Amino acid sequence: MSGPRAYVIRVAEDPADREACFAVRKEVFVGEQGVPEDIEYDAHDAGAVHVLAVREDGVPLGTGRLLYGAQVAAKTGGDLSVGSLGRLAVTKEARGLGVGAALVSAIEDTARARGLTAVDLHAQTHALGFYERLGYEAYGPEFPDAGIPHRAMRRGIQP
């Protein structure tokens, strides 16, 4: 893509930004993919760092979250130096514009700023290539999550 991006990525600090994150997740995961709404939102949302991609006119385009610390130890094999990237969602209209990669980069920057050395994620199998292009490596067997096949992936991040 040439020229400046037509969107910004920011940490969702205020309630309106967090609601925009949840609205994108509802559109993509619940609406498009059929994930039951009662499992899309979880107890981790309260302590997560949410990031939001917003078009110049304020329309939300994508979101993702970072979990870290004791709250996520079960997802990272007990390693507190590893964060967990999750709930990465980009609206249909924004796909192909680099929004997903920009969100992953922002989440990695957030993890790095918190002293983490790696980021784990659970990728839908159709998205493995996307994450591989960003430096993630799959490990372990395929498993279902919300009825959708996933693989665990990890990427080391440099300080």
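Q: Which residues does UniProt list for "domain: N-acetyltransferase"?
A: The model is a predicted one, in which local features need pLDDT of at least 70 and side-chain atom pairs count only at pLDDT 80 or more, while totals for chains, interfaces and linings use all residues. Residues are numbered from 1 along each chain as its sequence is written, and side-chain values use heavy atoms, with hydrogens and water left out. UniProt positions follow the numbering used here, feature names are shortened, and annotations may be inferred rather than shown by experiment. In an unreviewed entry, UniProt gives this domain as residues 7-158.

Q: In what order do the seven strands form the open sheet?
A: Strands (E, at least two residues) and helices (H or I, at least four) are DSSP runs numbered from the N terminus, and two strands pair if DSSP finds at least two bridges between them. The pairing in this sheet is mixed, with β1 (7-11) and β6 (137-145) as the edge strands, each pairing on one side only. The order is β1-β2-β3-β4-β5-β7-β6.

Q: What angle does the direction of helix α1 make with that of β2?
A: Axes are lines fitted to C-alpha atoms, for helices over the stretch in contact, and angles run from 0 to 180 degrees between N-to-C directions. Helix α1 (residues 15-32) packs on the sheet and touches β1, β2 (49-55), β3 (60-67), β4 (82-90) and β5, where contact means heavy atoms within 4.5 Å. The angle with β2 is about 80 degrees.

Q: Why is β3 described as largely enclosed by the rest of the structure?
A: β3 pairs with β2 in the antiparallel sense over six bridges, and valine 49 stands opposite leucine 66 in β3. Five bridges join β3 to β4, again running antiparallel, with threonine 63 opposite alanine 89 in β4. Buried means under 20% relative accessible area, exposed over 50%, and partly exposed in between, with a 1.4 Å probe and protein chains only. β3 is largely enclosed because its buried residues number seven of the eight.

Q: Which element gives the largest share of the largest nonpolar core?
A: A nonpolar core is a set of buried Ala, Val, Leu, Ile, Met, Phe, Trp, Tyr and Cys residues joined through side-chain atoms within 4.5 Å. The largest has 26 residues, and Leu85, Val99, Leu103 and Leu121 are among those with the most contacts inside it. The elements that give two or more residues are β2, β3, β4, α3, β5 and α4 (128-133). The largest share, six residues, comes from α3.

Q: Which residue in β7 stands opposite leucine 121?
A: β5 and β7 (residues 148-156) pair in the antiparallel sense over seven bridges. Not counting residues up to four places away in sequence, leucine 121 touches Leu85, Tyr131, Tyr136, Arg151, Ala152 and Met153. The residue opposite leucine 121 is methionine 153.

Q: Is leucine 116 buried or exposed?
A: Leucine 116 is found in the loop between α3 (99-113) and β5 (118-124). Beyond four places in sequence, leucine 116 touches residues including Tyr68, Leu80, Val82 and Ile157, and its C-alpha lies 5.6 Å from that of valine 82, although the two are 34 residues apart in sequence. Because its relative accessibility is 7%, leucine 116 counts as buried.

Q: What is the relative accessible area of glutamate 40?
A: Glutamate 40 has its place in helix α2 (residues 37-40). Leaving aside neighbours within four places in sequence, glutamate 40 is in contact with Arg25, Phe29, Val30, Val35, Asp45 and Arg87. Glutamate 40 is buried, its relative accessible area being 3%.
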